[in-house]
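Trainee: Put the model up, please, and let's go through it piece by piece.

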Amino acid sequence: TQLMSADDIRPLGIARNEAYRRRLPYLSATTLPEGVVDFERNLPRADLPMVAPVAELVASADLHDAFVPLVLDAVKSVHGDGDLLTEAGTFPSKVGTEFPVNAAADSWFESGTSFLYRWLPFWIASAVDRGKILLLPAITLLLPLVKVFPPVIRWRIRSSIYRWYADLRVVDQALRERPDVERTRALLDRVAEMRRELDDVSVPLSYMEEFYNLRLHIDLVRRALLERAERAGKAEEPKLAAA
């Protein structure tokens with residue numbers, strides 16, 4: 001303001017500022033409007049076409065990507081509202097930069113500050129953000145396991161059912177040999193134990209048909225054993241009377 005109000009100093013505009021911008025990418029064309037500096041004294045006294053060089057924010061390759069969004073947020077908080085020469089939202093920008101734009105900065109320009117950094121403490125957001133790099137390999141490794149998991153569960157459940165069926169088959173074969181009362185009672189105890197074991201087992205709904213079939217077969221063998229025990233008991237009573 002002091003320079004513009006001085007009598008012996010006159011601001012000089014650049015008439016071909018747009019041409020300079022097109023020929024030199026590191027320059028931008030802007031205009032200082034009439035009276036914007038001082039309304040009362042009407043400074044400047046006419047629109048001043050100007051050029052502005054690009055001010056680049058450069059960091060070494062050692063700067064961690066997690067800090068890049070924080071730096072850009074700080075730049076936006078200082079320059080985001082604009083000033084006498086620029087509109088709000090003009091800076092920061094990646095237009096006209098000569099150095100390669102950091103990948104994290106490029107992502108910030110595309111989508112802004114990520115949800116993680118807006119709502120989580122920095123150390124948590126940074127750890128989660130780094131963890132995303134490992135997410136795809138982890139999914140690649142876990143996908144075959146997910147496919148294998150259901151068959152493994154199915155094999156474990158069916159192997160348990162088949163084990164009970166194997167025990168039930170042994171009882172059924174012993175029953176066919178017409179055991180005496182003492183042997184029959186031992187087989188009944190084994191069947192009762194199997195039923196108690198089944199009562200403590202939790203089976204998924206998709207396997208309830210096989211589970212209930214096993215229970216029906218156990219009850220079938222149990223009834224046959226009870227009938228056998230009754231017949232064996234009646235057969236031994238005449239022997240005891242004759243003795």
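Mentor: Start with Tyr 20, which counts as partly exposed because its relative accessibility is 37%. Buried means under 20% relative accessible area, exposed means over 50%, and partly exposed lies in between (1.4 Å probe, protein chains only).

Trainee: What should I know about the source?

Mentor: This is a predicted model, so local features need pLDDT of at least 70 and side-chain atom pairs count only at pLDDT 80 or more, while totals for chains, interfaces and linings use all residues. Residues are numbered from 1 along each chain as its sequence is written, and side-chain values use heavy atoms, with hydrogens and water left out.

Trainee: OK. Where is the place of Tyr 20?

Mentor: Tyr 20 is in helix H2, residues 17-23. Helices (H or I, at least four residues) and strands (E, at least two) are DSSP runs numbered from the N terminus. The C-alpha of Tyr 20 is 9.9 Å from that of Met 50, with their positions 30 residues apart along the chain.

Trainee: How many helices and strands are there in the protein?

Mentor: The protein has 8 helices and 2 strands. Along the sequence the pattern is α-α-β-β-α-α-α-α-α-α.

Trainee: And how many of the residues count as buried, in percent?

Mentor: 21% of the 243 residues count as buried. One of the residues in that class is Ile 157, at a relative accessible area of 15%. Ile 157 lies in helix H6, residues 122-176. Its C-alpha is 7.7 Å from that of Val 203, and the two are 46 residues apart in sequence.

Trainee: Back to H2. Which residue forms a salt bridge with Glu 18 there?

Mentor: Arg 21 does, with the closest N and O atoms 2.5 Å apart. The rule for a salt bridge is a side-chain nitrogen of Lys or Arg within 4 Å of a carboxyl oxygen of Asp or Glu. Glu 18 also meets the side chain of Arg 22 in a salt bridge, at 3.2 Å from N to O.

Trainee: Why are Glu 18 and Arg 21 separated by about one helical turn?

Mentor: Because they are 3 residues apart in helix H2. Arg 22 and Glu 18 are also about one helical turn apart, because 4 residues separate them in H2. As for accessibility, Glu 18 is partly exposed at 33%, and Arg 21 is partly exposed at 33% too. Arg 22 is at 63%, so it counts as exposed.

Trainee: How many salt bridges does the count come to?

Mentor: The count comes to 8 salt bridges. Another one joins the side chains of Lys 94 and Asp 106, 2.3 Å from N to O. That pair links distant parts of the chain, since Lys 94 is in the loop between H3 and H4 and Asp 106 is in helix H4, 12 residues apart. In H2, shared partners join Glu 18, Arg 21 and Arg 22 into one network.

Trainee: Pockets next. What volume has the largest pocket?

Mentor: The volume of the largest pocket is about 1,200 Å³. Among the 41 residues that line it, Ala 55, Glu 56, Leu 57, Ser 93 and Thr 97 are the closest to its centre.

Trainee: What is a pocket here?

Mentor: On a 1 Å grid over the protein atoms alone, a pocket is an open set of points where a 1.4 Å probe fits, with protein on both sides within 12 Å along at least five of seven lines; lining residues have an atom within 4 Å of a point. Points are joined across faces, edges and corners, and the volume is the space filled by probe spheres set on them.

Trainee: Which element gives the most to the lining?

Mentor: Helix H3 does, with 5 residues. By class, the lining has 26 nonpolar, 10 polar and 5 charged residues. Nonpolar means Ala, Val, Leu, Ile, Met, Phe, Trp, Tyr, Cys and Pro; charged means Asp, Glu, Lys and Arg; the others, Gly among them, are polar.

Trainee: Last topic: backbone. Which residues does a cis peptide bond join?

Mentor: Leu 43 and Pro 44, with omega about -10°. Pro 44 is in the loop between E1 and E2. Asn 42 is in the loop between E1 and E2 as well, and has a positive phi of about 55° although it is not a glycine. At 27% relative accessibility, Asn 42 counts as partly exposed.
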